[in-house]
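Reader: Please take one part of this model and go through it slowly. After that, show me a few other places in the chain in the same manner.

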Amino acid sequence: MKKIIWCLLVAPFFCAAQSYSIKPLNEHTKTSLRGLSVVSDQVAWVSGSNGSVGKTTDGGKSWTWVKPKGYEKIDFRDIEAFNDKQAIIVGIASPAYILKTIDGGETWTENYKNVDSAIFLDGLSFWDKNKGIIFGDPINDKMQLLKTVDAGKAWEDISSNLKVSLAKGEAGFAASGTTIKTLPGGKTWIATGGTVSNIYFSSDYGQTWQVFKCPILQGEGSTGPFSIDFYNEKTGVTVGGNYLKDKENPNNVLLTNDGGKTWKKPILPVSGFRSAVTYINAKTVIATGTSGTDISTDGGQNWKHISDQSFNAVQKAKKGTQILLAGEKGNIYQLEVSK
């Protein structure tokens with residue numbers, strides 16, 4: 001009788017077990033995609049090398065590709081889309097550009113340009129529809145910080161707000177545009193790597209900053225955190241490793257439950273180098289990179305490898321359930337969940 005009762009109790013858990021797979025939506029486009037912004041289940045934008053920007057308005061069934069005129073050779077490593085008409089793209093290296101469209105990508109306005117030979121913008125994130133922030137590699141040991149309060153029409157240099165200097169060899173990674181994370185109300189996290197790895201935190205829209213150590217793999221120019229995400233102001237995850245050794249996983253994922261002040265290793269880590277991570281819900285987390293994709297269903301404590309396919313970025317819809325992955329050769333895939 002006890003055995004029967006036990007079976008009845010555990011059966012729902014086995015029945016509810018989900019399996020994950022990925023389905024191609026776009027392939028063989030001549031661009032390396034790193035920028036990804038999934039607005040809804042229907043609308044998503046991507047950006048990448050060769051001045052390429054892609055958009056879908058039908059859930060990924062079809063994609064429209066454009067190259068902003070005059071910027072055909074720019075590598076647009078990050079993108080923030082607000083709907084099917086408005087989006088902001090970031091061209092990272094000198095000259096660095098920030099462009100905005102309000103007509104679905106037909107025309108673009110240049111709202112920022114920096115020709116400093118050392119400029120290198122790493123990531124963009126918005127607190128709300130008007131306020132956003134971009135960070136970049138240090139110039140003269142000072143992290144570059146730009147802020148907008150008018151939805152990207154103008155950008156103010158707020159680099160002087162961060163009073164501390166970065167260490168020699170400490171910088172950001174622009175592998176997926178996700179080494180920066182914002183939450184409503186002004187909370188901001190920025191992860192740096194290389195010789196030293198830190199988490200820079202602001203609770204007031206970038207006015208003041210705190211610095212926390214991040215004990216992920218570090219010490220070389222190719223190592224550190226390549227992506228961070230926070231489910232709420234306390235619960236977060238970071239992934240990375242060494243992109244030159246993308247199948248190794250000595251210390252590639254860490255978790256925090258105190259807003260990034262301290263970090264701990266999970267029980268079972270990701271399978272290799274990972275350049276992007278995102279929360280699907282409080283318990284389910286997905287991480288991807290050039291050596292594949294992993295899923296955790298227990299808040300990041302245990303990870304399961306689900307694909308060897310190479311990607312750079314992954315993101316869940318801001319409003320909806322759509323989850324997309326993007327990478328080399330214009331590859332855009334959709335995560336499928338089945339029971």
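Author: Two strands pair if DSSP finds at least two bridges between them. Strands are DSSP runs of E with at least two residues, helices are runs of H or I with at least four, and both are numbered from the N terminus.

This is a predicted model: local features need a pLDDT (the predictor's confidence in each residue, from 0 to 100) of at least 70, side-chain atom pairs count only at pLDDT 80 or more, and totals for chains, interfaces and linings use all residues. Residues are numbered from 1 along each chain as its sequence is written, and side-chain values use heavy atoms, leaving out hydrogens and water.

The part to look at is strand β24, which covers residues 292-296. On one side, β24 pairs with strand β23 (residues 285-289) in the antiparallel sense, over 5 bridges. The two strands form a hairpin, with 2 residues between them. β24 is also joined by 3 bridges to strand β25 (residues 304-307), and these two run antiparallel as well.

One residue of β24 shows both pairings. D294 stands opposite A287, and in β25 its bridge partner is H305.

How many residues of β24 are buried? The count is 5 of 5, so the strand is largely enclosed by the rest of the structure. Here buried means under 20% relative accessible area, exposed means over 50%, and partly exposed lies in between (1.4 Å probe, protein chains only). In a regular strand the side chains alternate between the two faces of the sheet. For β24, G292, D294 and S296 are on one side and T293 and I295 on the other; both faces are covered.

D294 has a further partner. It forms a salt bridge (a side-chain nitrogen of Lys or Arg within 4 Å of a carboxyl oxygen of Asp or Glu) with R274, and the closest N and O atoms are 2.7 Å apart. R274 lies in the loop between β21 (253-256) and β22 (276-279), so the pair ties together parts that are 20 residues apart in sequence. D294 and R274 are both buried.

Other salt bridges can be read in the same manner; the whole structure has 7. One of them joins the side chains of E336 and K23, at 3.7 Å from N to O. Because E336 is in strand β28 (residues 332-338) and K23 in strand β1, this pair ties together parts that are 313 residues apart in sequence. E336 is partly exposed at 33% relative accessibility, and K23 is partly exposed at 34%.

Another links K318 to E80, whose closest N and O atoms are 3.0 Å apart. K318 is in the loop between β26 (313-316) and β27 (323-326) and E80 is in strand β6 (residues 76-81), so parts 238 residues apart in sequence are tied together. K318 is partly exposed, with a relative accessible area of 44%, whereas E80 is buried at 13%.

The loop that holds K318 also holds A317. A317 is buried, with a relative accessible area of 4%. Leaving out residues up to four places away in sequence, A317 is in contact (heavy atoms within 4.5 Å) with V38, V39, S40, D41 and Q322.

Another loop, between β1 (19-26) and β2 (33-38), contains S32. S32 is buried at 15% relative accessible area. Its side chain makes a polar contact with the side chain of E328 at 2.9 Å; such a contact is a pair of N or O atoms within 3.5 Å, where within protein one must be able to donate a hydrogen and the other to accept it, and residues adjacent in sequence count only if both atoms are side-chain atoms. Beyond four places in sequence, S32 touches several residues, including S47, N312 and G327.

β2 belongs to an open sheet of 4 strands in the order β2-β3-β4-β5, with antiparallel pairing. β2 and β5 (64-66) are its edge strands, each pairing on one side only. In this sheet, strand β4 (residues 53-56) pairs with β5 over 3 bridges, and the bridge partner of G54 in β5 is W65.

Last comes confidence. The mean pLDDT of the protein is 95, and 95% of its residues reach 70 or more. Over residues 1-16 the pLDDT is below 50, and this stretch has 0 contacts in the model beyond near neighbours in sequence. Where pLDDT is low, the predicted coordinates should not be read in detail.
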